[in-house]
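Work through the exercises below with the model open. Each task is followed by a solution in steps.

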Amino acid sequence: MDFRGVVFDQVLRLRVTISVLRGNLYVLLYSKLNKVKLGKNITFYGKPILQRYPYSKMIIGNDNRFRSDLTVALGYKYRCILRTRTKEAKITIGDNCGFNATVISACESITIGNNVKIGFNSTIIDYDGHSVYNHNKSGNVKPVEIKEGVFIGMNVTILKGVTIGKNSVIGANSIVTKDIPPNVVAAGNPCKVLKNKG
């Protein structure tokens with residue numbers, strides 16, 4: 001590697017280090033002030049957006065990574081966003097998950113199991129995305145669950161009422177409107193099963 005390459009790598013490493021320090025400090029302060037339950041060994045690359053509605057629950061497990069910074073190989077448009085929209089809402093994230101500019105927005109419940117990886121610019125939402133008022137009365141809110149070991153490609157949208165089964169793969173740019181069984185590869189708009197994982 002030439003001198004310029006070495007300098008480039010060192011500058012990039014420094015930027016990543018600063019990004020992690022800023023992100024972790026911000027989340028630590030926010031979680032203490034807003035009662036977000038954080039596990040151990042969580043790394044935030046850049047500053048995410050956390051918005052916890054009063055009395056709602058936000059629980060993040062151990063060994064997770066959240067990327068909201070341009071120091072990664074693929075560029076993206078947004079930061080990670082975790083948002084609860086009502087006092088009944090609950091976001092639960094298991095252990096050893098990875099999120100890249102992912103939006104998670106809950107009015108009722110979004111549950112993500114262990115070892116889930118989510119690609120750049122993906123969105124998970126358990127309501128229609130319109131006004132949050134009277135959601136529960138209108139029936140426009142349905143919980144979302146992503147089971148253990150799921151891999152979700154970039155630019156995927158997961159809509160209300162969806163359960164994605166254990167160890168399934170969702171292809172890039174998919175819109176998931178219905179349940180996906182375990183151990184399959186699925187993709188498309190709307191997302192459909194393409195094949196079983198062999």
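The model is predicted.

**Exercise 1.** Which strands pair with E19, and in which sense does each pair run?

Solution. Start with strand E17 (residues 169-170): with strand E19 (residues 184-187) it pairs in the parallel sense, over two bridges. In this pair, valine 169 stands opposite valine 185. Next take E20, which is joined to E19 by four bridges and runs antiparallel to it. Here alanine 186 stands opposite valine 193.

**Exercise 2.** Give the strand order of the open sheet and find the strands at its edges.

Solution. The eight strands follow the order E2-E5-E8-E11-E14-E17-E19-E20, with mixed pairing. The edges are strand E2 (43-45) and strand E20 (192-196); each has a single partner strand, so one side of each lacks a neighbour in the sheet.

**Exercise 3.** Describe the connection between E19 and E20.

Solution. The two strands form a hairpin with four residues between them. Glycine 188 in the turn has a positive phi of about 115 degrees. Proline 190 also lies in the loop between E19 and E20. The peptide bond that leads to proline 190 from asparagine 189 is cis, with omega near 0 degrees.

**Exercise 4.** Is tyrosine 55 buried or exposed? Classify aspartate 63 by its relative accessible area too.

Solution. Tyrosine 55 lies in the loop between strand E3 (49-51) and strand E4 (57-60), and its phi is positive, near 75 degrees. Exposed means over 50%; tyrosine 55, at 70% relative accessibility, therefore counts as exposed. Aspartate 63 lies in the loop between E4 and strand E5 (65-67), with a positive phi near 60 degrees. Its relative accessible area is 33%, so aspartate 63 is partly exposed.

Terms used: Residues are numbered from 1 along each chain as its sequence is written. This is a predicted model: local features need pLDDT of at least 70, side-chain atom pairs count only at pLDDT 80 or more; totals for chains, interfaces and linings use all residues. Side-chain values use heavy atoms; hydrogens and water are left out. Two strands pair if DSSP finds at least two bridges between them. Buried means under 20% relative accessible area, exposed over 50%, partly exposed in between (1.4 Å probe, protein chains only).
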